[in-house]
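Please open the structure in your viewer and keep the sequence panel visible beside it. The tour below proposes a series of selections and describes what is found at each.

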Amino acid sequence: EEGQRVVNLKPGFSMVGKTVAQRGNFYRLQLSEADAANGVIVSCCSSSQDRFKLICFEADGSVRYMQESSPHHEKKDTVADLLLVPFQTITSYGTSENYEIKKTDPLLFSRLNILTLEARSIQAGEHLLCVYGDN
């Protein structure tokens, strides 16, 4: 879109904004070597329960990471988090109700089906992020 503005983000600071459906808000994040070594969490929340995507781009413009929003279990918000850390993490997508529970398996083992081992790291330098309204 002509005149699209890119907002500079600072690690450790919050930002409030609104994303229109089928449009993206773009953000620039400058990371030091120490930031990259310690890892960064980019977290977005919609108090109006809108659906959105949190996108991190490569330098060439291709999508590096994308996280779709999902309902927050304790609040009535939708959230999307990118954990960009120099080690593997275990993430949960969905709830155990979404998966078939075998009567012969203990409930704990059925819940393990929703866990995923991931490694999403980030390098020092400038990064382009987008929050895309997906309604």
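The stops run from the whole chain to individual strands and residues.

**The whole protein**

Begin with the complete chain in a cartoon view, bearing in mind that this is a predicted model. The secondary structure amounts to 2 helices and 10 strands. Followed along the sequence, these elements give the pattern β-β-α-β-β-β-β-β-β-α-β-β. The protein has 135 residues, and buried residues make up 31% of them. If contacts between residues at least 6 apart in sequence are considered, 62% of them join residues at least 24 apart. Now switch on the surface: its accessible area is about 9500 Å², and carbon and sulfur atoms account for 51% of that area.

**The nonpolar core**

Hide the surface and select Leu29, Val42, Leu54, Leu82, Leu129 and Val131. The largest nonpolar core has 17 residues, and these six touch the most other members. At least two residues of this core come from each of strand 2 (24-31), strand 3 (40-46), strand 4 (52-57), strand 7 (78-84) and strand 10 (125-133).

Next, centre the view on Leu29 alone. Which residues is Leu29 in contact with, leaving aside its neighbours within four places in sequence? They are Leu9, Pro11, Val40, Val42, Gly125, Glu126, His127 and Leu129.

**Strand 4 and its partners**

Select residues 52-57, which form strand 4. Is this strand enclosed or open? Of its 6 residues, 6 are buried, so strand 4 is largely enclosed by the rest of the structure. In a regular strand, side chains alternate between the two faces of the sheet. To see both faces of strand 4, colour Phe52, Leu54 and Cys56 for one side and Lys53, Ile55 and Phe57 for the other; all of these residues are buried.

Add strand 10 to the selection. Strands 4 and 10 run antiparallel and are joined by 6 bridges. Within this pairing, Cys56 stands opposite Leu129 of strand 10.

Then add strand 5, residues 63-68, which runs antiparallel to strand 4 and is joined to it by 5 bridges. Here Ile55 has Met66 of strand 5 opposite it. Strands 4 and 5 form a hairpin with 5 residues between them. Select Gly61 in the turn, where phi is positive, at about 95°.

**Strand 3 and the open sheet**

Move to residues 40-46, strand 3. Its covered face consists of Val40, Val42, Cys44 and Ser46, while Ile41, Ser43 and Cys45 make up the uncovered one.

Show strand 7 as well. Strand 3 and strand 7 run antiparallel, with 7 bridges joining them. Two opposing pairs can be labelled here: Ser43 with Asp81 of strand 7, and Ser46 with Thr78 of strand 7. Strand 3 also belongs to an open sheet of 3 strands in the order 3-7-6, with antiparallel pairing. The edge strands of this sheet are strand 3 and strand 6 (70-71), each of which pairs on one side only.

**Ser46**

Zoom in on Ser46, a residue of strand 3. Is Ser46 buried or exposed? Its relative accessible area is 9%, under the 20% limit, so Ser46 counts as buried. Apart from its neighbours within four places in sequence, Ser46 is in contact with Phe52, Asp77 and Thr78. Draw a distance between the C-alpha atoms of Ser46 and Ala80: the separation is 9.1 Å, although the two residues are 34 residues apart along the chain.

**The largest pocket**

Return to a surface view and look for the largest pocket, which holds about 930 Å³ of space. It is lined by 34 residues, and those closest to its centre are Met15, Ser43, Cys44, Cys45 and Val131. Strand 2, strand 3, strand 4 and strand 10 are the elements that give two or more residues to this lining. Strand 3 supplies the largest share, 7 residues.

**Ala34 in helix 1**

For the last stop, select Ala34 in helix 1, which spans residues 33-38. With a relative accessibility of 45%, Ala34 counts as partly exposed. Finally, draw a distance from the C-alpha atom of Ala34 to that of Ala124: these residues are 90 residues apart along the chain, and the separation is 8.0 Å.

Technical notes:
Residues numbered from 1 in each chain as written. Predicted model: local features only at pLDDT ≥ 70, side-chain atom pairs only at ≥ 80, totals over all residues. Heavy atoms only, no water. Core = buried A, V, L, I, M, F, W, Y, C linked by side-chain atoms within 4.5 Å. Buried < 20%, exposed > 50% of the residue type's maximum accessible area, 1.4 Å probe, protein only. Helix = DSSP H or I, 4+ residues; strand = E, 2+ residues; numbered from the N terminus. Contact = heavy atoms within 4.5 Å. Pairing = 2+ DSSP bridges. Areas by Shrake-Rupley, 256 points an atom, 1.4 Å probe, with all protein chains shown as cover. 1 Å grid on protein atoms, 1.4 Å probe; cavity = no way out; pocket = protein on both sides within 12 Å on 5 of 7 lines; lining within 4 Å. Points joined across faces, edges and corners; volume = space filled by probe spheres on them.
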